[in-house]
Amino acid sequence: MIDSHCHLDQEPLFSNINEILLRSKSEGIEKLLTICTTINGYENILKIVKLDKMIYGTFGIHPHETSKENIQKEQIKIEFRKDNKIIGIGETGLDFYYNNSKKDDQIKSFESHIEASLDLNVPIIVHSREAENETYNILKKYEKENLKILMHCYTGSSKFAE
């Protein structure tokens, strides 16, 4: 069993990481993928992936953070390459339910993350809440590319899922 989306860099998980590892192993979890949401959180993720062979990570800026943290494709690629246990790009995407970041900032960030994932040939972790049409239209632009997508926080229709 694999936990494909956790946030071990955030509290209270970060300060209880050893307990979480023991409990995960006792429940049969073989791998944990800790998902990045901020640049500061990434520093903790780089430490966490070194703690145990079962932990892997990603690099990305959550849509809620895009008005505070603006990052371009080349910087995403640099951060991604800091450790070979960083295996995906994200969490990224669009969240129009909360008003934490401007739509334009979210869209620019999402596209930068997608382009970096294509350049690196790695999966992208997509967060989509109350942004079904916009998410679809952005992803549609890359339909001829070999985009690998893990959808997370999905509030869309079954038609969109297809």
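Is tyrosine 42 buried or exposed? At 0% relative accessibility, tyrosine 42 counts as buried, and this residue makes a good place to begin a walk through the structure. Please keep in mind that the model is a predicted one.

Let us start with the aromatic rings. Searching the whole structure turns up two aromatic pairs. Tyrosine 42 belongs to one of them: its partner is phenylalanine 59, and the rings meet edge-to-face, with 4.5 Å from centre to centre and 65° between the planes. The two residues come from distant parts of the chain, 17 residues apart. Tyrosine 42 sits in helix α2 (residues 39-48), while phenylalanine 59 belongs to strand β3 (residues 55-59), and the pair links these parts. What of the partner's surroundings? Phenylalanine 59 has a relative accessible area of 0%, so it is buried, given that the cut-off for buried is under 20%.

The other pair brings together tyrosine 97 and tyrosine 98, with ring centres 4.8 Å apart; because their planes stand at 90°, this pair is edge-to-face. Here the accessibility values tell another story. Tyrosine 97 counts as exposed, at 54% relative accessibility, and tyrosine 98 is partly exposed, with a relative accessible area of 40%.

Rings also have charged company in this model. If you turn to tyrosine 56, you will find the charged end of lysine 85 over its ring, 5.1 Å from the centre. A similar look at phenylalanine 96 shows lysine 103 lying over the face of the ring, at 4.6 Å from the ring centre.

From here we can move on to charges that meet charges. Side chains of opposite charge can pair when their charged atoms come close. Across the whole structure, a search finds 11 salt bridges, and a few of them are worth a visit.

In helix α1 (residues 17-26), arginine 23 and glutamate 19 lie four residues apart, about one turn of the helix. They form a salt bridge whose closest N and O atoms are 3.1 Å apart. Arginine 23 counts as partly exposed, at 46% relative accessibility, and glutamate 19 also counts as partly exposed, at 47%.

Helix α3 (residues 73-80) holds another example, where lysine 77 and glutamate 74 are three residues apart, again about one turn of the helix. In their salt bridge the closest N and O atoms are 3.4 Å apart. Lysine 77 is buried because its relative accessible area is 11%, below the 20% cut-off, whereas glutamate 74 counts as partly exposed, at 45%. This bridge does not stand alone: Lys73, Glu74, Lys77 and Asp119 are joined into one network by salt bridges that share partners.

Further along the chain, lysine 140 forms a salt bridge with glutamate 143, the closest N and O atoms being 3.0 Å apart. Lysine 140 is partly exposed, with a relative accessible area of 37%.

Our last stop is histidine 127, in strand β5 (residues 124-129). At 3% relative accessibility, histidine 127 counts as buried. Which residues is histidine 127 in contact with, leaving aside its neighbours within four places in sequence? They are His62 and Pro63, then Glu91, Thr92, Gly93, Leu94 and Asp95, and finally His152 and Cys153. With the structure open, you can follow these contacts outward from histidine 127, and then return to the buried ring of tyrosine 42 where we began.

How values were computed. Residues numbered from 1 in each chain as written. Predicted model: local features only at pLDDT ≥ 70, side-chain atom pairs only at ≥ 80, totals over all residues. Heavy atoms only, no water. Phe/Tyr/Trp six-rings, centres within 6.5 Å; stacked < 30°, edge-to-face > 60°. Buried < 20%, exposed > 50% of the residue type's maximum accessible area, 1.4 Å probe, protein only. Lys NZ or Arg CZ within 6 Å of the ring centre and 35° of its normal. Salt bridge = Lys/Arg side-chain N within 4 Å of Asp/Glu carboxyl O. Contact = heavy atoms within 4.5 Å.
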